[in-house]
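New to this one? Here is a short tour of the chain, starting with a single residue and then moving out to the rest.

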Amino acid sequence: QVEVVESGGGWVQPGGSLKLSCVQSGGTFNYYSIGWFRQATGKAREAVQCISSHETTRTHLNSVKGRFTISRDNAKNTVFLQMNDLKPEDTAIYYCAAVVAKTIDALYVCSGDASDYDHWGQGIEVAVSS
């Protein structure tokens, strides 16, 4: 049974930073791609960034380029989302999701399509306001 759990959210003033963690239990973490998604109130869920099992990363949102960084620590079964220079429009529930690589090629890619992910966390709130 694979589970992922987010932590590290909270309230921060504009310009501040937060570091989200996504810890996976179950499965062989090295073979999983992890995606971060977010959903603001009244808006559709959107993909933020993802990282493949071989650490290829993708940024799906232009608005976070240069501000957010995704990384992983396989020894700790954890993926991080470092968020700097946070803006009020970053306020949302942030979700991490996991999917196992089913082919060799899949070890090197990750998806921004939520339907490609099999295991989802409960989400964690990030609020940016003054």
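## A first look

Let's begin at aspartate 73, which sits in strand β7. Keep in mind that this is a predicted model. The chain has 11 strands and zero helices, so the backbone trace reads as β-β-β-β-β-β-β-β-β-β-β from the N terminus on. With a radius of gyration of 14 Å, close to the 14 Å that the globule rule gives for 130 residues, the chain is as compact as a globular protein of that length.

**Aspartate 73 and its surroundings**

- Is aspartate 73 buried or partly exposed? Its relative accessible area is 23%, so it counts as partly exposed; the cut-off for buried is under 20%.
- Setting aside neighbours within four places in sequence, aspartate 73 is in contact with Phe29, Thr78 and Phe80.
- Serine 17 is 56 residues away from aspartate 73 along the chain, and their C-alpha atoms are separated by 20 Å.

**Phenylalanine 29, a contact of aspartate 73**

- You'll find phenylalanine 29 in the loop between β3 and β4.
- Although phenylalanine 29 lies in a loop, it is buried, because its relative accessible area is 3% and buried means under 20%.
- Which residues does phenylalanine 29 touch, leaving aside its neighbours within four places in sequence? They are Gln24, Ile34, Arg72, Asp73, Asn74, Asn77, Thr78 and Val79.
- Alanine 106 is 77 residues from phenylalanine 29 along the chain, and the two C-alpha atoms are separated by 14 Å.

**Two residues with a positive phi**

- Asparagine 77, one of the contacts of phenylalanine 29, has a positive phi of about 50° although it is not a glycine.
- Where does asparagine 77 sit? Look in the loop between β7 (68-73) and β8 (78-83).
- Asparagine 77 has 25% relative accessibility, so it counts as partly exposed.
- Aspartate 85 also isn't a glycine, and it has a positive phi of about 50°.
- The loop between β8 and β9 (92-100) is home to aspartate 85.
- Aspartate 85 is partly exposed, given its relative accessible area of 37%.

**Strands β4, β5 and β6**

- Why is strand β5 (residues 46-51) described as largely enclosed by the rest of the structure? Because five of its six residues are buried.
- β5 has a partner in strand β4 (residues 32-39): the two run antiparallel and are joined by five bridges.
- In that pairing, tryptophan 36 stands opposite glutamine 49 in β5.
- β4 and β5 make a hairpin with six residues between them, and glycine 42 in the turn has a positive phi of about 80°.
- β5 pairs with strand β6 (residues 57-59) too, in the antiparallel sense and over three bridges.
- Glutamine 49, which faces tryptophan 36, also stands opposite threonine 59 in β6.
- How many residues lie between β5 and β6 in their hairpin? There are five, and glutamate 55 in the turn has a positive phi of about 70°.

**Strands β1 and β3**

- Strand β1 (residues 3-7) has two faces: Val4 and Glu6 make up the covered one, while Glu3, Val5 and Ser7 make up the uncovered one.
- β1 runs antiparallel to strand β3 (residues 18-25), and five bridges join the two.
- Glutamate 3, on the uncovered face of β1, stands opposite serine 25 in β3.

**The chain as a whole**

- Picture a box of roughly 45 × 25 × 25 Å along the principal axes: that is what the C-alpha atoms fill.
- Of the chain's 130 residues, 43% count as buried.
- Among contacts with a separation of 6 or more, 61% are between residues 24 or more positions apart.
- About 6600 Å² of the chain is exposed, and carbon and sulfur atoms supply 47% of that area.
- On the charge side, there are 11 positive and 13 negative side chains, and the centres of the two sets lie 4 Å apart.

Terms used: Residues numbered from 1 in each chain as written. Heavy atoms only, no water. Helix = DSSP H or I, 4+ residues; strand = E, 2+ residues; numbered from the N terminus. Rg over C-alpha atoms; globule rule 2.2 N^0.38 Å. Buried < 20%, exposed > 50% of the residue type's maximum accessible area, 1.4 Å probe, protein only. Contact = heavy atoms within 4.5 Å. Areas by Shrake-Rupley, 256 points an atom, 1.4 Å probe, with all protein chains shown as cover. Lys, Arg positive; Asp, Glu negative; His and termini not counted. Charge placed at Lys NZ, Arg CZ, Asp CG, Glu CD. Pairing = 2+ DSSP bridges.
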